[in-house]
Amino acid sequence: MKVTLKVWRQKDKNDEGRFVDYAADEVSPDMSFLEMLDVVNVGLVKKGEIPIAFDHDCREGICGSCGMMINGRAHGPGRGIATCQLHMRSFQDGDEIVVEPWRAQAFPVIKDLMVDRTALDRIMQAGGYTSAKTGGVPDGNAILVPKPAADEAFDAAACIGCGACVAICPNSSAMLFVAAKVSQLSILPQGQAEREARVENMIAQMDEELFGGCSNTYACEAECPKGISVRHIGRLNHELLRAKL
Amino acid sequence: MNGIIAFYNSTVGRKIVMSLTGLFICLFLIEHLIGNLLLLLQDGGASFNAYAEFLTTNPYAYLPLRIIELFLFFTIIVHAWSGITVWLKNRRARPVKYNTYGIAENAKFASRWMFGTALLILLFLIIHLKEFFFEMRFGEGNHNGYEIAHQTFANPYYSGFYIFAFIVLGFHLYHGFQSAFQTLGLRTKKYISLIEAVAVIFWFIIPLGFAMIPIYILLHPYSMALAK
Ligand code: HEM
Ligand code: SF4
Ligand code: FES
């Protein structure tokens, strides 16, 4: 199949940036979107042009690095997948595909489709950890966790920090990400020590990074490759109230 | 005090303030609708005007009602101010826009147009307060609310604007009501269906009830004459 790509090219963070059209003529429907970009890049290198820069690592939907906006959808069309899990069969022969980086004040573009997501790391540093005693490894069964709590925490822990929630949110809000992290730890016994400080500090850091606020549009839940539910945002709000009162 | 200011200045804190003020305004809507439905009675305004008089002149109710009234104005101003500032902050969070942005596939219309519906409600409130509240309370001329209502709503443009405003209010509350519970952390699995059910009262039944007043008066152009 053949597709036309309209890709955002930007040399570095100071460059203005612009869309450039590329024809991808030898695309197999079984290729992943990233493989298709690889093929386009090989063509560019052969012509002596600079390849399109994009983040990627695991290529199996677990590292969270491959985020990009494809035809106005975070990680492209389809639900519950990262860009590396998007296949070209999701498009029609002859389609024009617009590819843009995540857009948010807190995610400055580094180059082309790569953005700086360290703002999420700084939110983690502000409270996304638990205190642990040093010494020998405790017995795995020594701390009892009820099954529903374990399941709920595990659902939240599925977040891969890709930033799709920020990218699709009309407010560039990081609430779903922060909620997943706060929720996961606040449900588990291991997370109790810093429970109040965690939610306050992570929200304060989120605001400092200039992410927007949550309007409960629930677009994040729809686009999250891991299907993180907005009920975690409800829990985040509840945790903040609990910490304050 | 510093704690309260810091809370209000955090994005989540300000949304919590918006949810509480928004829900308080929702409570007022119930009372306001029940009272105003008295306008539909063909009793020459006896019931409605008695109700209006009770609200302003009853010696026992006077002080508590003035306090509630001031508090209501305060919550509306705080809600509107918070909404406008939250919206501005959210716009600054994405300085470079997308070329292609598929938000419509991921979020409901009402949730994406909260600011738009809010501005229309604000416009409506200004016109509405000027026409009724200030006229009946402080105006020089007619203090008979029943007559003012029947006269103004006889004008189809005026009635049309009111009906439009209630549709807009319906959209604001279609998203806003459940959103407030989400903001307060109460929209849990257990309560979602209850919240959605009660929400119908606020985004459908109440706006419909308000809209019925101008519609009824428009359809009964002789109700003034009948009433006299
Ligand atoms: C009858 C009057 C009104 C009622 C009953 C009402 C109620 C509500 C409720 C319950 C919410 C949800 C709060 C939340 O998500 O936690 C809300 C949101 C909102 N309200 Fe109102 N509101 C009214 C008028 C206004 C006015 C006059 C404005 C401003 C000009 C306004 C601006 C907003 C905005 C911008 C939001 C969305 C905030 C966000 O999620 O980002 N509202 N409203
Ligand atoms: S919540 Fe979902 S969309 Fe947001 S960073 Fe985590 S995995 Fe990505
Ligand atoms: S490359 Fe790791 S999630 Fe896509």
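**View 1. Two buried histidines hold the iron of ligand 1.** His79(B) and His172(B) are both buried (under 20% relative accessible area with a 1.4 Å probe, protein chains only; exposed would be over 50%, and partly exposed in between). This is a predicted model, in which local features need pLDDT of at least 70 and side-chain atom pairs count only at pLDDT 80 or more, while totals for chains, interfaces and linings use all residues; side-chain values use heavy atoms, with hydrogens and water left out. Residues are numbered from 1 along each chain as its sequence is written, with chains lettered from A and ligands numbered from 1 in the order in which they are written. Through their NE2 atoms, His79(B) and His172(B) coordinate the iron atom of ligand 1 at 2.0 to 2.1 Å. Donors here are N, O and S atoms within 2.8 Å of the metal (3.2 Å for Na, K and Ca); water is not among the atoms, so sites may look incomplete. The iron site has 6 donor atoms, with angles of 88 to 179° among them, and is octahedral (six donors, opposite ones over 155 degrees apart and all others between 65 and 115). His79(B) belongs to helix 4 of chain B and His172(B) to helix 8 of chain B, so the pair ties together parts that are 93 residues apart in sequence.

**View 2. Ligand 1 lies between chains A and B.** Its surroundings comprise 22 residues (each with a heavy atom within 4 Å), and Ser215(A), Lys15(B), His79(B), His172(B) and Ser179(B) come nearest. Look for two polar contacts to oxygen atoms of the ligand (pairs of N or O atoms within 3.5 Å): a polar side-chain atom of Ser179(B) lies at 2.4 Å, and an N or O atom in the side chain of Thr183(B) at 2.7 Å. Helix 2 (11–36), helix 4 (59–92), helix 6 (114–138) and helix 8 (156–183) of chain B each give two or more residues to this shell (helices are DSSP runs of H or I, at least four residues, numbered from the N terminus). Helix 8 of chain B gives the most, with 7 residues.

**View 3. The shell around ligand 2 comes from chain A.** Among the residues around ligand 2 are Cys159(A), Cys162(A), Cys165(A) and Cys224(A). Phe177(A), Pro225(A) and Ile228(A) are also included. Helix 4 (164–168) and helix 5 (175–187) of chain A each give two or more residues to the shell. By class, this shell has 10 nonpolar residues, 2 polar and no charged. Nonpolar covers Ala, Val, Leu, Ile, Met, Phe, Trp, Tyr, Cys and Pro, charged covers Asp, Glu, Lys and Arg, and the others, Gly among them, are polar.

**View 4. An open sheet of 5 strands in chain A has mixed pairing.** The strand order is 2-1-5-3-4 (strands are DSSP runs of E, at least two residues; two strands pair if DSSP finds at least two bridges between them). Strand 2 (18–24) and strand 4 (73–74) of chain A stand at the edges with a single partner strand each, so one side of each is left without a neighbour in the sheet. Strand 1 (residues 3–9) of chain A pairs with strand 2 of chain A in the antiparallel sense over 7 bridges, and Trp8(A) has Phe19(A) as its bridge partner.

**View 5. Strand 5 (residues 96–100) of chain A is mostly covered.** Of its 5 residues, 4 are buried. Strand 5 of chain A pairs with strand 1 of chain A in the parallel sense over 4 bridges, where Val98(A) is the bridge partner of Lys6(A). Strand 3 (residues 69–70) of chain A pairs with strand 5 of chain A in the antiparallel sense over 2 bridges, and Ile70(A) stands opposite Val99(A).

Technical notes:
Polar contact = N/O pair within 3.5 Å; in protein donor to acceptor, adjacent residues only side chain to side chain. Tetrahedral: all angles 85-135°; square planar, octahedral: opposite > 155°, others 65-115°.
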